[in-house]
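Let's take a walk through this protein together, starting at its metal site and working outward. Keep the viewer open as you read.

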Amino acid sequence: MPGTCVIGLQWGDEAKGKLVDLLTPNFDIVCRYQGGSNAGHTVVTGDQVYKLHLIPSGILNPDTMNIIAPGVVLNPGTIIEELEGLKAKGITAENLMISERVHVVFPWHIAEDRALNAKKVKGESIGTTLRGIGPCYRDKVGRSFAVRLADMLREDFPERVASIVEAKNAMLAPIAGEDFEPLDAAAITAEFSGYAETLRPFVADTTNYLLDAVDESKSILFEGAQGSLLDIDHGTFPFVTSSNSSGVGISSGSGVPARSINKVVGVIKAYSTRVGGGPFPTEQENEIGQQIRDLGNEYGTTTGRPRRCGWFDAVAVRYTARLSGVSALSLMMMDVVSLLPEVKICVAYELDGQRITHFPSDADDLRRVQPIYETFEGWDTDLTAATSYDEFPDAAKAYINRIGELIGIPVEVASVGPDRAQTIVLAESVSHLAGLA
Ligand code: GDP
Ligand code: IMO
Ligand code: MG
């Protein structure tokens, strides 16, 4: 049983962190392989809440190795803060490895993110998390100004920073606005050399470690960040993140061959949310949207921004489930929709008078589509204390079945609250991974 993956099928924040934490005890390794500190994954255990940005959500289980693979972009200050936060809660994170190949996010990336995010693309700001993610990935692909974690441990690191800072100050000055303060190479070198020393014990060749693990038939759980609709190549471009956040990124980001990844669990909310700009066909900018936001506490884990809320979009999720190679669905936030007076699922779009069921590639077309809904009467039941599927009202079961039917993949887990315990097993194939069945 080598590779299983947990992938978000919407625009992020589907509660991937909860599911990864739940599945972890049955895996030898948990691996983050793309994205960076733009991610915010929440794990709730009893009275403890952990908000993880870079550290994989398997970290709470000391018997599982947690890996940050080459496809991640690493902000060293953020991960050190996270490590300190965990330590304060008694978690020493000795089971953490960071690839020497990860690219490092520097202050010039954050300055560039701020400068560019203020500008509009297709009439709207992308609304990034301002964590320097896009500029860091751009420098990685561009190569000339890229710094990997291993480079920070080399003797020539100060000269490298000095030459990059000189170029970046010249590039940033015209785009960053009047209050731009030139970056100080000496200060950055001192700060980041300190980070490198702190992180040195975690730095390793994770690619070899994972390839050995595959040879030894160890089990690996890949933890996707963001959601498939934010994928740089296949999402709602340009309103996306800068990595392959759908299933297509697992192999390139981790170094594990695609044929070793044999199960993909798609995580979906029972409705939709989106943070930042971009088209969102089923968005409810009204009382219903606010009700969902209030009931689901839909505020960003990383930035605290209110999330945009709307109905479940089966057109979008059918597309991403196919794209990400999903074989089972985990349906989260069932407790939230269970309190709404009525619930809707978008089953098709109307575009230029035509009914379509494929997901358009163009952001402008997506802005113009009219969702076609199926409406379900609400079931007004508090599900947060439910412990088995039998306790779900028939109307809730009908809603879940319809989602599975529209996506063409069975819903195997239903979540009724943030805590590990608030998880209901519907079918065997995912639940046996978690020892839940
Ligand atoms: P991730 O980025 O996909 O890991 O998701 P986030 O952590 O950003 O957002 C999910 C939020 O929903 C977190 O605050 C979780 O604690 C919470 N959560 C997870 N599952 C459920 C659920 O079934 N019901 C409710 N009400 N909240 C949940
Ligand atoms: P998790 O892993 C939700 C969104 C941003 C913005 C766009 C680009 O917690 O699900 P970026 O900073 O990546 O350049 O921003 O992507 N975004 C997320 N939205 N959840 C996330 O991560 C996100 N990571 C990025 O809001 O619209
Ligand atoms: Mg999140």
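Which protein donors hold the magnesium ion (ligand 3)? They are D13, through its OD atom, and G40, through its backbone O, and they lie 2.0 to 2.2 Å from the ion. Please keep in mind along the way that this is a predicted model.

Find the two donors along the chain and you will see that they come from separate loops. D13 belongs to the loop between β1 (3-8) and α1 (16-23), whereas G40 belongs to the loop between β2 (29-32) and β3 (41-45), so the pair ties together parts that are 27 residues apart in sequence. D13 and G40 are both buried.

While you are in the loop between β1 and α1, look at A15, which lies there too. Its backbone has a positive phi of about 85 degrees, although A15 is not a glycine. A15 is partly exposed, with a relative accessible area of 22%.

Next, turn to ligand 1. It is surrounded by 19 residues, and the closest of them are K16, G40, T42, D335 and S415. You have already met G40 as a donor to the magnesium ion. Where do the surrounding residues come from? Three helices and strands, namely α1, β3 and α11 (334-337), each supply at least two residues of the shell. By character, the shell around ligand 1 divides into 6 nonpolar, 7 polar and 6 charged residues.

Several polar contacts can be picked out here. The side chain of T42 places an N or O atom 2.5 Å from an oxygen atom of ligand 1, and a polar side-chain atom of S415 is also 2.5 Å from an oxygen atom of this ligand. The backbone takes part as well: a polar backbone atom of G17 is 2.9 Å from an oxygen atom of ligand 1. How much of ligand 1 does the protein bury? Taken alone, the ligand exposes 590 Å², and the protein buries 92% of that.

Ligand 2 is a good next stop. Here 20 residues form the surroundings, with D13, K16, H41, T129 and T241 the closest. Two of these names are familiar: D13 is a donor of the magnesium ion, and K16 is listed among the closest residues to ligand 1. The shell around ligand 2 divides into 7 nonpolar, 10 polar and 3 charged residues.

For contacts to ligand 2, begin with the backbone. An N or O atom in the backbone of V275 lies 2.9 Å from an oxygen atom of ligand 2, and a polar backbone atom of G127 is 3.5 Å from an oxygen atom of the ligand. From a side chain, R305 brings an N or O atom to 3.0 Å from an oxygen atom of ligand 2. Taken alone, ligand 2 exposes 550 Å², of which the protein buries 97%.

Now step back to the sheet. It is an open sheet of 10 strands, in the order β9-β7-β5-β2-β10-β1-β11-β15-β19-β20, with mixed pairing. The edge strands, β9 (203-204) and β20 (423-425), each pair on one side only.

Let's zoom in on β2. In a regular strand, side chains alternate between the two faces of the sheet. In β2, I29 and C31 point one way while V30 and R32 point the other way, and all are buried. What joins β2 to its neighbours? On one side, 4 bridges join β2 to β5 (residues 65-68), and the two run parallel. Another 4 bridges join β2 to β10, again in parallel. R32 shows both pairings: its bridge partner is I68 in β5 and E223 in β10. From β5 you can carry on to β7 (residues 96-99), which is parallel to β5 and joined to it by 3 bridges. There, I68 has I98 as its bridge partner.

Two backbone details round off the tour. F237 and P238 are joined by a cis peptide bond, with omega about 5 degrees. P238 sits in the loop between β10 (220-223) and α8 (249-254). The other detail is D380, which has a positive phi of about 40 degrees although it is not a glycine. D380 is found in the loop between β18 (370-377) and α13 (394-407), and it is exposed, with a relative accessible area of 63%.

Methods
Residues numbered from 1 in each chain as written. Chains lettered and ligands numbered in written order. Predicted model: local features only at pLDDT ≥ 70, side-chain atom pairs only at ≥ 80, totals over all residues. Heavy atoms only, no water. Donors = N, O, S within 2.8 Å, 3.2 Å for Na, K, Ca; no water. Buried < 20%, exposed > 50% of the residue type's maximum accessible area, 1.4 Å probe, protein only. Near = heavy atom within 4 Å. Polar contact = N/O pair within 3.5 Å; in protein donor to acceptor, adjacent residues only side chain to side chain. Areas by Shrake-Rupley, 256 points an atom, 1.4 Å probe, with all protein chains shown as cover. Nonpolar A, V, L, I, M, F, W, Y, C, P; charged D, E, K, R; others polar. Pairing = 2+ DSSP bridges.
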